[in-house]
Amino acid sequence: MTPGKVLVAGVGNIFLGDDGFGVETVRRLREHPLPPDVELLDVGVRGVHLAYRLLDGYRTLVLVDATSRGGEPGTVYLIEADAGPLEAPVLDGHRMGPDAVLALLGTLAAGTGGSPPDRVLVVGCEPESLEEGIGLSAPVAAAVEEAVRLVLRTVGAHAQAKREVSPS
């Protein structure tokens, strides 16, 4: 793994309806050509795995997840994650959401000598239902393609900016 790479991580529990949005979006992204410095990862509910993976020198993390912000179900958001200090998480391998993973990064970086990403973006989708059940609701399933396009534009812009600052 070389520094400056981008990690696109699909987060969520496919057994909780729309919480599987991130996992499904990353699955669909695999059908598209990506810049060589972009890696896809289906994290699912393995938050601790994601936290350790992020110490490998990624410049940018794009988290894809169901994100409740009060909008209409199926609304897709692009959120720049706040890099400010977060409360230390309770380590629970079964319920570590993205906020807990990001809070854990500082501690892990100090203990391992790794470095967290410089930039964290969230591509989120307003869920309709997070009840037990497999499969996305109709509005969230329809939003997957919009999220795929948004991720592709985001990583494409990263690749373009990288080319502009690299010597020719």
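# Reading a five-stranded fold

Guide: The chain has four helices and five strands. The model is predicted. Along the sequence, the elements follow the pattern β-α-β-α-β-β-α-β-α.

Visitor: How are the strands arranged, and in what order?

Guide: Sequence order and sheet order are separate readings. Here the five strands form an open sheet with the order 2-1-3-5-4 and mixed pairing. Strand 2 (38-44) and strand 4 are the edge strands; each has a single partner, so one side of each lacks a neighbour in the sheet. On average, neighbouring strands are turned by 20° against each other, direction ignored.

Visitor: Which strands run parallel to strand 3, and over how many bridges?

Guide: Take one pair at a time. Strand 1 and strand 3 pair in the parallel sense over five bridges. Strand 3 (residues 60-66) and strand 5 are also parallel, joined by seven bridges.

Visitor: And how does strand 4 run against strand 5, parallel or antiparallel?

Guide: Antiparallel, with five bridges joining strand 4 (residues 76-80) to strand 5. That is the mixed part of the pairing.

Visitor: Which residues can I use to check the register?

Guide: Pick residues that stand opposite each other. Valine 6 has threonine 60 in strand 3 as its bridge partner. Threonine 60 in turn stands opposite arginine 119 in strand 5. For the antiparallel pair, tyrosine 77 stands opposite glycine 124 in strand 5.

Visitor: Is strand 5 mostly covered or mostly open?

Guide: Mostly covered. Of the seven residues in strand 5 (residues 119-125), six are buried. For the chain as a whole, buried residues make up 46% of the 168 residues.

Visitor: What does the outer surface consist of?

Guide: Look at area by atom type. The chain exposes about 8900 Å², and carbon and sulfur atoms supply 54% of that. One nonpolar patch on the surface is formed by Ile14, Phe15 and Ile134, with about 330 Å² of accessible area together. Isoleucine 14 sits in the loop between strand 1 (6-11) and helix 1 (21-29).

Visitor: Why does isoleucine 14 count as partly exposed?

Guide: Because its relative accessibility is 40%, and partly exposed covers values between the 20% and 50% cut-offs.

Visitor: Where does helix 1 lie relative to the strands?

Guide: Ask which strands the helix touches, then at what angle it runs. Helix 1 lies across strand 1, strand 2, strand 3 and strand 5. Its direction is at about 130° to strand 1.

Visitor: Which residue of helix 1 shows the packing?

Guide: Try threonine 25, which is found in helix 1. Threonine 25 counts as buried because its relative accessibility is 0%. Leaving out residues up to four places away in sequence, threonine 25 touches Val64, Val144, Ala147 and Val148.

Visitor: How much of the contact map comes from residues far apart in sequence?

Guide: Count by separation. Of the contacts in the chain with a separation of 6 or more, 80% are between residues 24 or more positions apart. Here is one pair to inspect. Arginine 59 and lysine 5 are 54 residues apart along the chain, yet their C-alpha atoms are separated by 5.6 Å. Arginine 59 lies in the loop between helix 2 (47-53) and strand 3. With a relative accessible area of 38%, arginine 59 is partly exposed.

Visitor: How many salt bridges does the structure hold?

Guide: Seven. For each, check the distance, the burial and the elements involved. Start with lysine 5 and glutamate 39, whose side chains meet at 3.0 Å, N to O. Lysine 5 is in the segment before strand 1 and glutamate 39 is in strand 2, 34 residues apart. Both residues are buried.

Visitor: What about salt bridges within a helix?

Guide: Glutamate 24 and arginine 28 meet in one, at 3.3 Å, N to O. Both lie in helix 1, four residues apart, about one turn of the helix.

Visitor: Which other residue does arginine 28 form a salt bridge with?

Guide: Glutamate 145, with the closest N and O atoms 3.1 Å apart. Arginine 28 is in helix 1 and glutamate 145 is in helix 4 (residues 138-165), so the pair ties together parts 117 residues apart in sequence. Glutamate 145 is partly exposed, at 30% relative accessible area.

Visitor: Which residues are linked in the network of salt bridges?

Guide: Glu24, Arg27, Arg28, Glu31 and Glu145.

Key: Residues numbered from 1 in each chain as written. Predicted model: local features only at pLDDT ≥ 70, side-chain atom pairs only at ≥ 80, totals over all residues. Heavy atoms only, no water. Buried < 20%, exposed > 50% of the residue type's maximum accessible area, 1.4 Å probe, protein only. Helix = DSSP H or I, 4+ residues; strand = E, 2+ residues; numbered from the N terminus. Pairing = 2+ DSSP bridges. Patch = residues over 30% accessible without salt bridge, like charges linked within 9 Å, V, L, I, M, F, W, Y side chains within 5 Å. Areas by Shrake-Rupley, 256 points an atom, 1.4 Å probe, with all protein chains shown as cover. Salt bridge = Lys/Arg side-chain N within 4 Å of Asp/Glu carboxyl O. Contact = heavy atoms within 4.5 Å. Axes fitted to C-alpha atoms, helices over the stretch in contact; angles between N-to-C directions.
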